[in-house]
Amino acid sequence: MTTTNLTALAADLDASAARMRRLHDADPDSTVPVIRVDLAKRPMVIALRHAARLVQANGLAKGWWYDPAGGQPKGAWPVCAIGALSTAITGDPMPAEVEELDDELRDAVAILARQIESGIDDPIERIAYWNDADERTAADVASLLRRAAREVTS
């Protein structure tokens, strides 16, 4: 029977937490600060970060929730910011009706909209206008989604 040295285990955990904080502080977009995430907020953080990965991996759609024109399978379609959130939360890149967004998706849209400075009050229109700007890139949208995830953790 092996006896566990609790002092050594606690020191290892503290060292691991310190490494995670250093990694996050050095490049906040590359790591998820899991240690700092409230368990009740974790699903939203995961959804926002997953949406960021979808945009980066699949590309950015403009003018619509998603773009199936390239012939990719459904999960690989380019998506806009809201299409990425919808995919991450509901599994579908396009909600049935904007008025019928489920509560989790509506909350995610509100969090994301707060990251955008604009005179547009409606969160969906604010995000869509920002997303569809000519200069907007998939990297910009992914970065905004990750920034929204950080807001949830603070």
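Is His-50 buried, partly exposed or exposed? I looked this up in a predicted model. His-50 has a relative accessible area of 32%, and I therefore recorded the residue as partly exposed, since that class lies between 20% and 50%.

**Entry on His-50.** I placed His-50 in helix α2, which spans residues 42-58. I then looked up a partner distant in sequence: Leu-145 lies 95 residues from His-50 along the chain, and the C-alpha atoms of the two are separated by 8.9 Å.

**Entry on α2 and α4.** I next examined how helix α2 is set against α4. The axes of the two helices come within 11 Å and cross at roughly 65 degrees. An angle of 65 to 115 degrees counts as roughly perpendicular, so I noted α2 and α4 as roughly perpendicular to each other. I entered the crossing of α2 and α4 as right-handed. On the α2 side, the contact is made by Pro-43, Met-44 and Leu-48; on the α4 side, I listed Glu-104, Asp-107, Ala-108 and Ile-111. Sorted by character, the residues of this contact comprise 5 nonpolar and 2 charged, with no polar ones.

**Entry on Gln-115.** Where does Gln-115 lie? I found Gln-115 in the loop between α4 (103-113) and α5 (123-131). The relative accessible area of Gln-115 is 16%; buried means under 20%, and I therefore recorded Gln-115 as buried. Which residues does Gln-115 touch, not counting those up to four places away in sequence? I listed Leu-144, Arg-147, Ala-148 and Glu-151.

How values were computed: Residues numbered from 1 in each chain as written. Predicted model: local features only at pLDDT ≥ 70, side-chain atom pairs only at ≥ 80, totals over all residues. Heavy atoms only, no water. Helix = DSSP H or I, 4+ residues; strand = E, 2+ residues; numbered from the N terminus. Buried < 20%, exposed > 50% of the residue type's maximum accessible area, 1.4 Å probe, protein only. Contact = heavy atoms within 4.5 Å. Axes fitted to C-alpha atoms, helices over the stretch in contact; angles between N-to-C directions. Parallel < 35°, antiparallel > 145°, perpendicular 65-115°, else oblique. Left-handed = near helix turned anticlockwise from the far one by under 90°. Nonpolar A, V, L, I, M, F, W, Y, C, P; charged D, E, K, R; others polar.
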